[in-house]
Number of protein chains: 2
Amino acid sequence: MGLTSARIAIDAMGGDHAPTEVVAGALMAQEKFGVDVILVGDPQQIEASLKEHHSNSPLPEIVPAEGTIEMHEEPLGAIKRKPNASINVAMNLVKQKKADAVVSAGHSGAAMASALLRVGRIRGIDRPAIGAVLPTMVRSSPVLILDVGANVDCRPKFLEQFAVMGSIYSQYVLGVDNPTVGLLNIGEESSKGDDLAVRTYQMLQENSLISFAGNAEGRDVLTGKFNVIVCDGFVGNVLLKFAEGVGEAVLQLLREELSSGLRSQLGATLLKPSLKRFKQRVDHVEHGGALLLGVAGICIIGHGSSKAPTICNAIRMARDAVNNEVLERINLQYQKHQKQAIEQDS
Amino acid sequence: MGLTSARIAIDAMGGDHAPTEVVAGALMAQEKFGVDVILVGDPQQIEASLKEHHSNSPLPEIVPAEGTIEMHEEPLGAIKRKPNASINVAMNLVKQKKADAVVSAGHSGAAMASALLRVGRIRGIDRPAIGAVLPTMVRSSPVLILDVGANVDCRPKFLEQFAVMGSIYSQYVLGVDNPTVGLLNIGEESSKGDDLAVRTYQMLQENSLISFAGNAEGRDVLTGKFNVIVCDGFVGNVLLKFAEGVGEAVLQLLREELSSGLRSQLGATLLKPSLKRFKQRVDHVEHGGALLLGVAGICIIGHGSSKAPTICNAIRMARDAVNNEVLERINLQYQKHQKQAIEQDS
């Protein structure tokens with residue numbers, strides 16, 4: 001990509017605080033990272049938000065769209081019923097090469113459905129996955145978990161593809177050297193788990209494109225030992241949302257303990273900066289969004305409750321994925337892989 | 001049970017710190033709760049541990065056993081191959097009505113296998129489950145999660161039975177009035193999730209023995225909104241171990257933040273008592289063990305790393321289950337239930 005800056009289409013109507021916070025986050029990212037943002041949605045509402053937040057950088061382009069997919073709607077049906085919804089129009093921009101990536105804080109299932117219908121899958125990938133990055137106990141070693149919700153039922157082959165795509169993302173976007181892959185399971189031994197786990201273990205062990213480090217139990221997820229953890233979308237979704245819930249619960253318990261008695265209150269005052277840093281490390285808001293891997297376009301999905309700083313982080317993730325040519329690398333890997341498979345067959 | 005005190009058979013050879021810490025915990029429980037403990041295992045080793053820890057309460061009974069099931073052994077095979085292993089001898093005591101409950105910090109799969117082979121299931125229960133209690137953001141509202149590892153593949157009927165047994169345990173042992181039941185899932189709507197989740201939702205909604213409160217997402221687990229959460233043993237095991245891992249990660253992050261700089265160190269010193277209370281609320285060691293529900297005997301499984309205080313807590317859990325007649329209540333419910341089913345059929 002080199003000299004041209006990444007062009008990011010923003011679903012301005014997606015999320016609990018859309019469009020105001022989404023537009024504010026887009027402007028932030030434009031100033032901070034020098035990306036070109038394209039705001040997709042209702043022009044009147046977007047212009048009102050722009051007036052509220054705009055400082056002195058150039059006004060972003062607006063591409064009109066009609067309506068949005070609501071959180072309660074069944075994704076595939078809604079995506080078909082509302083061809084001009086903001087997420088669909090944003091995906092079209094990627095398909096038409098007018099944008100390099102999409103960022104949305106709206107319905108994640110709808111974003112996946114729209115990506116599949118508008119831009120399609122990468123050749124060689126059966127099922128795209130949603131990945132989420134969590135911080136671990138080792139600062140330089142974040143963990144990417146996938147799938148966290150797109151595929152409730154998985155086959156071993158899907159998890160193997162998640163492992164390859166996740167390794168590429170970890171290495172080129174998260175900057176992890178030789179990322180280790182773990183299979184989420186209920187024990188260390190290769191014989192542990194359900195049928196899916198046992199068969200996937202075998203495939204991962206034989207795959208030369210990744211550094212398979214064995215089964216990852218729940219307690220291993222945050223140790224930093226694994227950089228990529230693969231699982232089906234049911235377990236992954238429960239785990240990710242639990243992690244968010246735990247973060248909130250821990251911060252509340254801590255607040256309760258720290259506000260009881262004068263001694264604690266004094267101590268807490270002294271600790272304010274430390275506790276703020278602690279909160280930042282625990283809090284999901286700091287960690288941007290989830291990503292779609294396996295579709296033929298970059299797409300970052302922010303949390304529905306995203307405010308401007310989270311949107312801004314999600315846009316940075318999208319820019320990093322574009323600049324580090326994640327799509328091209330996955331593509332290349334699967335072309336090689338398929339070529340090898342064809343050669344082996346013949 | 002009334003006037004007689006509960007007789008608890010302790011697998012003295014199970015766990016990373018057996019028999020020393022197990023024996024110490026048993027003595028603690030005997031003094032604190034007035035239970036009768038029976039130490040099962042190698043007499044020589046147990047006597048050595050007793051000498052080390054014994055104060056002035058009466059010496060517990062020792063029942064000899066040969067060997068133990070190691071953590072890496074395949075449970076069912078090992079249980080059959082070693083009929084005189086400590087967990088088997090302890091289960092025999094329950095079968096022979098010489099003990100009211102078993103406590104073990106050994107191989108949890110082996111405890112389940114031994115319970116099934118020696119004491120059997122409660123009539124009407126297809127699959128026993130392992131349940132684990134976690135604290136929530138509401139102090140008086142703990143959550144019991146089951147299954148956390150016994151049944152990797154589940155049918156809707158199994159989860160329904162977990163819900164009924166869990167409700168009884170929550171009400172009579174954890175003291176929760178009218179416990180609410182949640183189905184672990186990836187969305188709130190009844191249509192969400194895999195086939196197992198959708199079919200189980202329907203069954204739970206129609207079951208008049210429980211207070212079904214709908215789907216519980218990962219983020220709802222610790223809010224206190226649900227007192228019993230049912231799921232298959234794969235998801236439950238990942239979740240429980242992740243919760244343990246998160247507790248450790250959070251405490252380490254907090255320690256790191258609090259030890260950086262003089263101001264933080266002074267604040268941390270003032271906060272020591274608050275942070276200790278916080279640690280106790282987060283730490284799994286304080287919360288005793290997991291329980292087997294659905295076998296015809298009370299069995300509490302402590303964490304493999306249990307030291308004396310955790311063993312002591314696990315024994316208290318066993319005593320509470322005995323004194324509150326959990327088995328009898330589950331039995332009664334399922335006899336009623338089966339009678340109704342037979343009457344409806346005829």
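**Exercise 1. The contact at B:K241**

Which side chain does a polar contact of 2.4 Å join to that of B:K241? Use the predicted model to place B:K241 and list what surrounds this residue.

*Solution.*

Step 1. The side chain that shares the 2.4 Å polar contact with B:K241 belongs to A:E217.

Step 2. Place the lysine: B:K241 is part of helix 8 of chain B.

Step 3. Name the type of link. A:E217 and B:K241 form a salt bridge, with 2.4 Å between the closest N and O atoms.

Step 4. Look for further partners. The side chain of B:K241 also reaches the backbone oxygen of A:I186, at 3.1 Å. With residues up to four places away in sequence not counted, B:K241 touches A:I186, A:E217, A:G218 and A:R219.

Step 5. Check the accessibility. B:K241 has a relative accessibility of 12% and counts as buried.

**Exercise 2. The counterpart pair**

Find the residue with which B:E217 meets in a salt bridge, and state where both residues lie.

*Solution.*

Step 1. The partner of B:E217 is A:K241, at 2.4 Å from N to O.

Step 2. This pair crosses between chains: B:E217 sits in the loop between strand 8 (211-216) and strand 9 (228-230) of chain B, and A:K241 in helix 8 (residues 233-258) of chain A.

Step 3. Test both ends for burial, for which the limit is under 20% relative accessible area. B:E217 is at 6% and counts as buried. A:K241, at 13%, is buried as well.

**Exercise 3. The interface as a whole**

Describe the contact between chain B and chain A by residues, area and polar links.

*Solution.*

Step 1. Count the residues: 54 come from chain B and 54 from chain A.

Step 2. Give the area. The two chains bury about 5,100 Å² between them, and 69% of this is on carbon and sulfur atoms. In chain B, the residues that lose the most area to chain A are B:F234, B:F242 and B:E257, together 14% of what that side buries.

Step 3. Count the links. Between chain B and chain A there are two salt bridges, and six residue pairs are in polar contact.

Step 4. Assign the chain B side to its elements. Helix 8 (233-258) and helix 9 (262-282) of chain B each supply at least two residues. Helix 8 of chain B gives the largest share, 21 residues.

Step 5. Sort by class. The side of chain B that touches chain A has 27 nonpolar, 14 polar and 13 charged residues.

**Exercise 4. Salt bridges within a chain**

How many salt bridges are there over all chains? Examine three cases that lie within one chain.

*Solution.*

Step 1. The count over all chains is 18 salt bridges.

Step 2. Take B:D100 and B:R7, whose closest N and O atoms are 3.0 Å apart in a salt bridge. B:D100 lies in the loop between helix 4 (86-95) and strand 4 (101-104) of chain B, and B:R7 in strand 1 (residues 7-11) of chain B, so the pair ties together parts 93 residues apart in sequence. B:D100 is buried at 19%, whereas B:R7 is partly exposed at 29%.

Step 3. Take A:D320 and A:R319, which form a salt bridge at 2.8 Å. A:D320 counts as buried, at 19% relative accessibility.

Step 4. Take the network of salt bridges that links A:E73, A:R81 and A:K82. A:E73 is in the loop between strand 3 (61-64) and helix 3 of chain A and counts as buried at 12%. Its side chain makes a polar contact of 3.0 Å with that of A:R81. Beyond its neighbours within four places in sequence, A:E73 is in contact with residues including A:T68, A:A78 and A:H107.

**Exercise 5. Cysteines without a bond**

Why does A:C231 have no bond to the closest cysteine sulfur?

*Solution.*

Step 1. The closest cysteine sulfur is in A:C154, 8.1 Å from that of A:C231, and this is too far for a bond. The limit for a disulfide is 2.5 Å.

Step 2. Repeat for the other chain: the sulfur of B:C231 is 8.1 Å from that of B:C154, again too far.

Step 3. Add the accessibility. A:C231 is buried at 3%, and B:C231 counts as buried at 3%.

Step 4. State the total: zero disulfides are found over all chains.

Terms used:
Residues are numbered from 1 along each chain as its sequence is written. Chains are lettered from A and ligands numbered from 1 in the order in which they are written. This is a predicted model: local features need pLDDT of at least 70, side-chain atom pairs count only at pLDDT 80 or more; totals for chains, interfaces and linings use all residues. Side-chain values use heavy atoms; hydrogens and water are left out. Buried means under 20% relative accessible area, exposed over 50%, partly exposed in between (1.4 Å probe, protein chains only). Contact means heavy atoms within 4.5 Å. Buried area is the accessible area (1.4 Å probe) that two parts lose on being put together, summed over both. A salt bridge is a side-chain nitrogen of Lys or Arg within 4 Å of a carboxyl oxygen of Asp or Glu. A polar contact is a pair of N or O atoms within 3.5 Å; within protein, one must be able to donate a hydrogen and the other to accept it, and residues adjacent in sequence count only if both atoms are side-chain atoms. Helices (H or I, at least four residues) and strands (E, at least two) are DSSP runs, numbered from the N terminus. Ala, Val, Leu, Ile, Met, Phe, Trp, Tyr, Cys and Pro count as nonpolar, Asp, Glu, Lys and Arg as charged, and the others, Gly among them, as polar.
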